[in-house]
Structures are given as C-alpha cells and as structure tokens.
Amino acid sequence: MKRHADNNRGEVATIKNLLTVALFFLTCILLAFAAVTAAAGEGSNAVPAAAEETLGEATPGEAAPEETASANSNEAGAGEAVSAAGADIGAAAKLNLLGLFRGVGVLGDGSPNLAVDRAPTRAEAVVMIVRLIGGEAEALSGNWKSPFTDVPEWAKPYVDYAYENKLVYGIGGGLFASSGAITASEYITLVLRSLGYTSGIDFQWDKAWILSDEIGITGGRYNAWTKQFSRGDVAEISFNALGAKLKGSDNTLCSLLIGEGVITMDDANALGVGVISGASVPMSALPQKPATEPAPEPAPMPNAADLEHEVFVLVNKEREKAGLCALVWNEQLADVARAHSTDMADRNYFSHINPEGEKPPDRMRGAGLTVWYSAENIARGHRTAESVVAAWMASATHKSAILSEHAVSIGVGFYEYYWTMNLIG
C-alpha cells in the first residue's frame, strides 16, 4: 500500500514538472509574440527616414547619393506582387494605346499584360519617364553614357539618356539599383523633373507629393506612410501628368508630345486628353464652329530667315542667363537644319531620324562639318520663335541641349512651321 502511494506521488510530481516546463515555453512564446507585435506597431507609425539628396551635378564617373530605393524597409522588393490601393487599369490601358505604357507579356486573350498590381522597378520607371517626355527615339538612337554598372542592356539606353539629361542620379558608388522597387515619392520626383521642376529648389524629392498634389497630379493619395506602390500607380500618375502644365509655360506635357509627333491630337481626344492653353480637357468640350462658316484666309507664311535669327537670339539669351558663353551662328549648320525641316514637312514625318535612317550627326558630317559634339532640337506647329524656344526650355531634354557647355555653334532651320535647331561643338 505504501509502495502504491509512493508511486502516485512520483507520478504527480512528474506531471507537475511537465506542466512547469510547458508553462515556461508558453510564456516565452507569448513574450516573443508581444515583442514582435510592438516592433510592428512602431514601424507602422514611424515616418521613414529620408535619404540625403546631394544637389548639383554629379562628378563624372560618380553618381550623387540620391533617391535610395532598394534598401528602404518600407518598399516592396523587385518583382514582388503588391495590391496597391487604386491601381488604375484604365490609365494603364489608355497609356498603352498611346504607346507610352508597355506590357510585360501577353495574356491568354491576346491583350497585353500590363501587370498593374506588380511593384515597378527603378529601371521600368525610367523607361516610362523617357517615353512620357517623348525621348524614346532619341534615347535609342543616341550614344548616351552613365557611370552605372548595374543597368541591364534593355534599360541602358533609357537610364543613360535620363542621366545625361539630369533626370536621375543613382544611389552612389556607380550603382543605379535597377532592379530595386521605386517608391511613390521617387517616381513623383521623376515626373516633376520631367515637367521642368528642380528637386531641392521647387520641391524636396522625399516629399515630392506636396508639389504634385498642388499641381493636380496625385490628389493627396501619397505621403510618407505610403508603403505599397504599383505599376498601376505609375500609370495613373503618368496619365495625370499629361494634362499638367510645364513649369513656367502654358504648354502641357500632352501638347509637347503632340508637337513632337509622339502622339496625335486625334488619339489624345479619343482618350479624353486635350490641351487648351495648358488645361487638360476633352476636345469634345470645345465649342464647334458651324459647318457653313467659310474657312478663313490662310495667314501669309512668315519670313523664315527672320524666325531663324530670332531663335538664335533667344537661345543665346537663355545661355546668358545660365552664365554660359554665346553660341556662334554657323550658316553651313543652318543649311543642314533647313534641309531637315523641309524633309520632314515634304515627306510628312517628325523625327530626328529620317526615313533613310540618318541621324543628326550623319547629316552634319555629310555636309562636311567636323562634329565632336552634336545636339538637335525639333518642333512643329509653333507660330513664333518665342513659342518654340519656350517649349524647348520647358522640356528637360531640350533645355539641356540649349544649355550644353559643349556646344559652340548653332544653326536653325524653319520651313512651313517645322523647326530644327542644330548644335555642334
């Protein structure tokens, strides 16, 4: 009997020990869970720290430490599927029809896979920006350079073009973080720069949404706590930017693309994007003239030589304001410009590259000019020299050509409202 009681007491003690151990491990698990929960709560309420932006030009071979992307804890990794609030397949589809927003493959029904719910990479964002400013043909045909060593071949022309036109600077150490996800504020920064605004002066890149809200691009949807940003967001911001005025101009990004022949007025009208004195409105809202109203007499064509000289004077005024030396008129270069304007008008195309595949340097060298540096701005439809120069100065890429430190000589050609400005150095 005593032996039986002792056995009972031993069994009770063993059970108590097991319960004590189980309670100990349960307590550890609860404490660990509480710590994780507290950490998550702190992270969700904290404003992400901004990376310091270095202003001014980056030295050759070294990128300014700006717009850090892949290291921030609040960003989605490259290729990670996210569900961004308000991802707009409508905006993406419209931009796709305009040829500005391409897909990442084809769906089963044959339509493009726009992948609007996926996080955009920094490389994809730059490609979108270059297309948005009408620079794709120039990017793909030029010999652009950047210090970045981590850019894939398919994106390199776009990133190099954006770097030379001071739209991007990288993250330092010769890196661009091409495959890293881009944040909302970083993409808005690229859009604002494309509209002619300067980070550090007109806005802060890590709070870019403040200015984009003011000019009607983002509508208060993004802030310091925005953690998910998708290709759909890129499409919506880009589509809204088409109707935004370029800094210091009544022209919009849409009117710039129409003027450069990237998109047509008919396409813009069909997709609900129109341009009237810088405002984005449907063209169908315009008052229509009665069908019986006689067509007005065409205005006489202005004197081409006078307009060419006016552009020459206005360009040098812009260079003077920037502290740069004046350009010298080169009549032989002007003949090349005139021939290109005439060719575009006569053969009904609008491009730096003619139907034979000749680029600006090819045409210049073909005329016997020695070319170490070259640049070309084109435009069509502008009625005055003031208008065309203002449009060029409102575009980051065209402005950089006008204010190039490498340019020495200028030639301008005007023909039937087609404008060509050639620069060499």
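The following legends describe close-up views of a predicted model.

**Figure 1. Confidence along the chain of the predicted model.** The mean pLDDT of the chain is 76, and 72% of its residues reach 70 or more. Two stretches fall below 50 and should be told apart by their contacts. Residues 1-5 have a pLDDT under 50 and make zero contacts in the model beyond four places in sequence. Residues 274-293 are likewise below 50 in pLDDT, but this stretch has 27 contacts in the model beyond near neighbours in sequence.

**Figure 2. Leu95 and the largest nonpolar core.** This core holds 66 residues, of which Leu95, Val126 and Tyr187 touch the most other members. The elements that give two or more residues to the core are α2 (89-97), α3, α5, α6 (184-194), α7 (209-214), α8 and α9, and α3 makes the greatest contribution, with eight residues. When neighbours within four places in sequence are set aside, Leu95 is in contact with Leu100, Phe101, Met128, Ala235, Ser238, Phe239 and Leu242. A second core, separate from this one and made of 22 residues, includes Phe312, Ala385, Val388 and Met421. As a general background to such views, nonpolar side chains in soluble globular proteins tend to be buried together.

**Figure 3. Helix α5 and the elements that cover its buried residues.** In α5, the run formed by Tyr158, Val159, Asp160, Tyr161, Ala162 and Tyr163 is buried. The cover over the buried residues of α5 includes α3 (122-132), α4 and α15 (396-402). Just after the helix, Lys166 takes a positive phi of about 60 degrees. A positive phi of about 60 degrees is also found at Ala177, although this residue is not a glycine. Ala177 belongs to the loop between α5 and α6, and because its relative accessible area is 8%, under the 20% limit, Ala177 counts as buried.

**Figure 4. The aromatic pair of Trp144 and Tyr161, with the neighbouring theme of rings and charges.** The whole structure contains nine aromatic pairs. In one of them, Trp144 and Tyr161 meet edge-to-face, with 4.8 Å from centre to centre and 90 degrees between the planes. Trp144 lies in the loop between α4 (136-141) and α5 (156-164), whereas Tyr161 belongs to helix α5, so the pair ties together parts that are 17 residues apart in sequence. Tyr161 has a relative accessible area of 0% and is therefore buried. Phe148, Tyr163 and Phe176 form one aromatic cluster, and the charged end of Arg122 sits over the ring of Phe176, 4.6 Å from its centre.

**Figure 5. The aromatic pair of Phe350 and Tyr418.** These two rings are tilted, with 6.4 Å from centre to centre and 55 degrees between the planes. Phe350 is placed in the loop between α12 (331-347) and α13 (360-366), and Tyr418 in strand β6 (residues 418-424), so this pair ties together parts that are 68 residues apart in sequence. Both Phe350 and Tyr418 are buried.

**Figure 6. The open sheet of four strands.** The strands follow the order β3-β5-β6-β4, with mixed pairing. Because β3 (328-329) and β4 stand at the edges and each has a single partner strand, one side of each is left without a neighbour in the sheet. Strand β4 (residues 374-380) is nevertheless mostly covered, with five of its seven residues buried. β4 and β6 pair in the antiparallel sense over seven bridges, and Glu376 stands opposite Asn422 in β6. Strand β5 (residues 409-415) and β6 also pair in the antiparallel sense over seven bridges, and Met421 in β6 is the bridge partner of Val412.

**Figure 7. The loop between β5 and β6, with Glu416.** Glu416 lies in this loop and has a phi near 45 degrees, a positive value in a residue other than glycine. With a relative accessible area of 41%, Glu416 is partly exposed. As a further contact between a charge and a ring, Arg383 lies over the face of Tyr417, at 3.7 Å from the ring centre.

**Figure 8. Gly248 in the loop between α8 (231-241) and α9 (253-259).** Gly248 counts as exposed because its relative accessibility is 86%. The C-alpha atoms of Gly248 and Leu195 are separated by 9.6 Å, and these residues are 53 residues apart along the chain.

Terms used: Residues are numbered from 1 along each chain as its sequence is written. This is a predicted model: local features need pLDDT of at least 70, side-chain atom pairs count only at pLDDT 80 or more; totals for chains, interfaces and linings use all residues. Side-chain values use heavy atoms; hydrogens and water are left out. Buried means under 20% relative accessible area, exposed over 50%, partly exposed in between (1.4 Å probe, protein chains only). pLDDT is the predictor's confidence in each residue, from 0 to 100. Contact means heavy atoms within 4.5 Å. Rings of Phe, Tyr and Trp (its six-membered ring) pair if their centres lie within 6.5 Å; planes under 30 degrees apart count as stacked, over 60 as edge-to-face and the rest as tilted. A charge sits over a ring if NZ of Lys or CZ of Arg is within 6 Å of the ring centre and within 35 degrees of the ring normal. A nonpolar core is a set of buried Ala, Val, Leu, Ile, Met, Phe, Trp, Tyr and Cys residues joined through side-chain atoms within 4.5 Å. Two strands pair if DSSP finds at least two bridges between them.
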